[in-house]
Amino acid sequence: MEEAFMASVDRLKKDYPWIKTPLVVGAPMRLIALAPLALEISRAGGIGFIGAGTDVSTLEDELLHAQRLLSSNPMPSYGLQTNTSSTSTLPLGIGFINWGAATVPSLDLIRRFRPAAVWFFAPHDIENLQYWTTETRSVAPSTRVWVQVGCVTDAAEVVRHCHPDVLVVQGTDAGGHGLVQGAGIVSLMPEVSDAVEEMVRKGVIEEEQAPALLAAGGIAEGRGAAAVLALGAAGVVMGTRFLASWEANVAKGYRDEVVRAKDGGQSTVRTKVYDTLRGTTGWAEGYNARGLINKSFVDAAEGMGEEENKRLYQEELAKGNRGWGADGRLTTYAGAAVGLVREIKPAAEIVVEVREGARRVIELVRRRVREIEL
Ligand SMILES: Cc1cc2nc3c(=O)[nH]c(=O)nc-3n(C[C@H](O)[C@H](O)[C@H](O)COP(=O)(O)O)c2cc1C
């Protein structure tokens, strides 16, 4: 088991030569994680993702923006700065939401820009994911394939049929979309890890096909990061924490709410209400999303009809930053760890703080164990 874990960390270091461990990844967040955020995360030794999501119409501009940022301010820890050679990749990833992203333009952009990784999420069926995976590997062999899953069954199916390089295991505390019915990362991660190990033991997949496992959902600082390393993760993925970075493309009202909110288990909820109001309704039945509780949710829970709630939501849009908050109606997707997000910082500082925080916690635990033994 330890050998397989070390092999997956070695593979990550080889595939993304600029990273520092424990690895900190910035989740692709549609319309929020754009080139500036993704690149700052990578520059700090993490891996940043641009969130293309379901709509790839602005993705080319975003990738050109990333190339311009890289040529004006090169990344010293990364050899080639732009993908002008046939082997180099862009030192960031692109996240697609499979049910909405159009395959032909997406694959064309993957071929042209060669991101270091692509991230797939929420396909309506495994055949769709197999198609994206196979085609990506054919158009951009140096681009690695990541898939985010939220349960053991999906993890096993994806590993068996798609052989992703990285499996992002998303616990139910995660902000944004995920499975309606899910488990927290503390039980989900080791069960997925055991399932993958068993697949290798039984010869369902070759040892080299076992993906690196990364943990997502409810991790916002060094303690959470250290904990998931103990559960079998090779690194962490954070979305909510990066909402409170200066580089995230969010309105002030949204960011202020993320910093203000406390007690995430009480102040957030998993629901389909926000999707209904915003018209983002292509998600498979088994998905909903976690966000801060606001007036739209409370009114829906108390029986307000969809049309009236939508009308009030539209009116609220005109209020700008005042439309967010517990008494507002604008959607604030955020995870259960939102109470641990207490200030706005540059994304690079967040990466370093979480990485070094995890190291410190692991050292502290070592010391505590030694003291207990004495
Ligand atoms: C505002 C927001 C938007 C998100 N958008 C996406 C997305 O476009 N694609 C995706 O795969 N995951 C998306 N996610 C989920 C993340 O991939 C990840 O699972 C989650 O952020 C991890 O939990 P955390 O928020 O507690 O860090 C989003 C999360 C948030 C908070």
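This text goes through a predicted model, from the ligand site to the aromatic pairs and then to one helix.

The ligand has 21 residues around it, and those that come nearest are W119, Q148, G218, G239 and T240. By residue class, this shell consists of twelve nonpolar residues, eight polar ones and one charged one. Two of the nearest residues, G239 and T240, also appear among the polar approaches to the ligand. A polar side-chain atom of T240 is 2.6 Å from a ligand oxygen atom. For G239 the approach is through the backbone, with an N or O atom 2.8 Å from an oxygen atom of the ligand. P28 likewise offers a backbone N or O atom, which lies 3.3 Å from a nitrogen atom of the ligand. Taken alone, the ligand has 590 Å² of accessible area, and the protein covers 97% of that.

W119 leads from the ligand to the aromatic residues, since W119 is among the residues that come nearest to the ligand and belongs to an aromatic cluster with Y16, W18, F49 and W146. A pair of aromatic rings is described by the distance of the centres and the angle of the planes. The structure holds 14 such pairs. One of them joins W119 and W146: the ring centres are 6.3 Å apart and the planes meet at 25°, which makes the pair stacked, as the angle is under 30 degrees. W119 sits in strand 4 (residues 115-121) and W146 in strand 5 (residues 144-149), so the pair ties together parts that are 27 residues apart in sequence. Where do these two side chains stand with respect to burial, buried or exposed? W119 has a relative accessibility of 3% and therefore counts as buried. For W146 the value is 0%, so W146 counts as buried too.

Another aromatic pair is formed by W283 and Y287, with 5.8 Å from centre to centre and 40° between the planes; this pair is tilted. Both W283 and Y287 are buried.

The last stop is helix 8, which spans residues 222-230. Its buried residues are G222, G224, A225, A226, V228 and L229. Which elements cover them? The cover includes two helices, helix 7 (185-201) and helix 15 (347-373), together with strand 8 (212-216) and strand 9 (235-238). Just after helix 8 comes G232, whose phi is positive, at about 115°.

Conventions:
Residues numbered from 1 in each chain as written. Predicted model: local features only at pLDDT ≥ 70, side-chain atom pairs only at ≥ 80, totals over all residues. Heavy atoms only, no water. Near = heavy atom within 4 Å. Polar contact = N/O pair within 3.5 Å; in protein donor to acceptor, adjacent residues only side chain to side chain. Areas by Shrake-Rupley, 256 points an atom, 1.4 Å probe, with all protein chains shown as cover. Nonpolar A, V, L, I, M, F, W, Y, C, P; charged D, E, K, R; others polar. Phe/Tyr/Trp six-rings, centres within 6.5 Å; stacked < 30°, edge-to-face > 60°. Helix = DSSP H or I, 4+ residues; strand = E, 2+ residues; numbered from the N terminus. Buried < 20%, exposed > 50% of the residue type's maximum accessible area, 1.4 Å probe, protein only. Contact = heavy atoms within 4.5 Å.
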